[in-house]
Amino acid sequence: MLEQAGRECQALGKAFELSDSPHEDVHSARKSIRRLRSTLALLGRADGGIILMDSRLKAMASGLSALRDAHVAHEFALQLRDSGIGDASRWASLIAYCSELRQALLKRALEDDPGFQRHRIDVGNLLVILRTSCTCHIGSSQICQAIERSEESLVKAMHKARRRPEASSIHRWRRKARRLKMQLQAVARLDDDARGSLHLGERKHQRDELGRTVDILGRIQDLYLLRNLAMAHEGKDDEALSDWNLAT
């Protein structure tokens, strides 16, 4: 499991090198952060190195959330336009607005951290922490207990969202489902002996069901984001972007 976390750290550093598609790179970085935090949650709740890594990763993800959300809104608007929904001229105006917003956010981020060099240094430091400070003994019972905690959290979030289907509760439901899915995927990547010792079974059906749930809730979440941006663009609500940090 530590090896998986190390590979994810390296993938995160690679995403921050930035290619010709910087918005996709930021999106990939956010995905790597989520996978890494999900894996770390399996490794231990009391290990000081893991607690420090998770705290820094959470802060890193938060700093990228608005940029990632603007990119997702732009791409989702393109999908809806191409599907033939609504008036083409209004889509063109909104898509241009989304494009300007994500470019402005990227420009601001790179002015603050040119080439994401500081982010790459931070990831390198996290890799050092992982290799030198995470001294926890990873037992099968520990991983099983972490999976059980994730399942319990998911059930609570699901029930709350069904009682009160709001943007924040739907986001929490999706986040809990996504974490459990990623943790089960991490377990599935273990070798046969290590996976067998957990007595968790294959759980492919559960992973697939979680994947479908995450996709459906993600679509709803994207609609909330795009609605808020459209309202802000048309001047209908000065506070329309106040809850944009829904993808954290």
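How many nonpolar, polar and charged residues are in the lining of the second largest cavity? In this predicted model, that lining has 2 nonpolar, 3 polar and 2 charged residues. The cavity in question belongs to a set of 2 cavities of 30 Å³ or more, found by a search of the whole structure, and its volume is about 30 Å³. Its walls are formed by R35, S38, T39, M182, Q185, A186 and R189. Two elements, α2 (22–43) and α7 (167–188), each give two or more residues to this lining.

Helices α2 and α7 appear again around an open site, the second largest pocket, where α3 (48–82) and α9 join them in supplying at least two lining residues each. This pocket has a volume of about 440 Å³. Its lining comprises 21 residues, and those nearest the centre are H27, R68, R174, D215 and D222. By class, the pocket lining divides into 12 charged, 5 polar and 4 nonpolar residues.

Helix α9 (residues 204–233) can also be followed to its meeting with helix α4 (residues 88–112): the two axes come within 10 Å and cross at roughly 100 degrees. Because angles of 65 to 115 degrees count as roughly perpendicular, α4 is described as roughly perpendicular to α9. On the α4 side, the contact is made by W91, S93, L94, Y97, C98 and L101, which meet L226, L229, A230, A232 and H233 of α9. What classes of residue make up the contact of α4 with α9? Here 9 residues are nonpolar and 2 are polar, with no charged residues.

Key:
Residues are numbered from 1 along each chain as its sequence is written. This is a predicted model: local features need pLDDT of at least 70, side-chain atom pairs count only at pLDDT 80 or more; totals for chains, interfaces and linings use all residues. Side-chain values use heavy atoms; hydrogens and water are left out. On a 1 Å grid over the protein atoms alone, a cavity is a set of points where a 1.4 Å probe fits but cannot get out, and a pocket is an open set with protein on both sides within 12 Å along at least five of seven lines; lining residues have an atom within 4 Å of a point. Grid points are joined across faces, edges and corners, and a volume is the space filled by probe spheres set on the points. Helices (H or I, at least four residues) and strands (E, at least two) are DSSP runs, numbered from the N terminus. Ala, Val, Leu, Ile, Met, Phe, Trp, Tyr, Cys and Pro count as nonpolar, Asp, Glu, Lys and Arg as charged, and the others, Gly among them, as polar. Axes are lines fitted to C-alpha atoms, for helices over the stretch in contact, and angles run from 0 to 180 degrees between N-to-C directions. Angles under 35 degrees count as roughly parallel, over 145 as roughly antiparallel, 65 to 115 as roughly perpendicular and the rest as oblique. Contact means heavy atoms within 4.5 Å.
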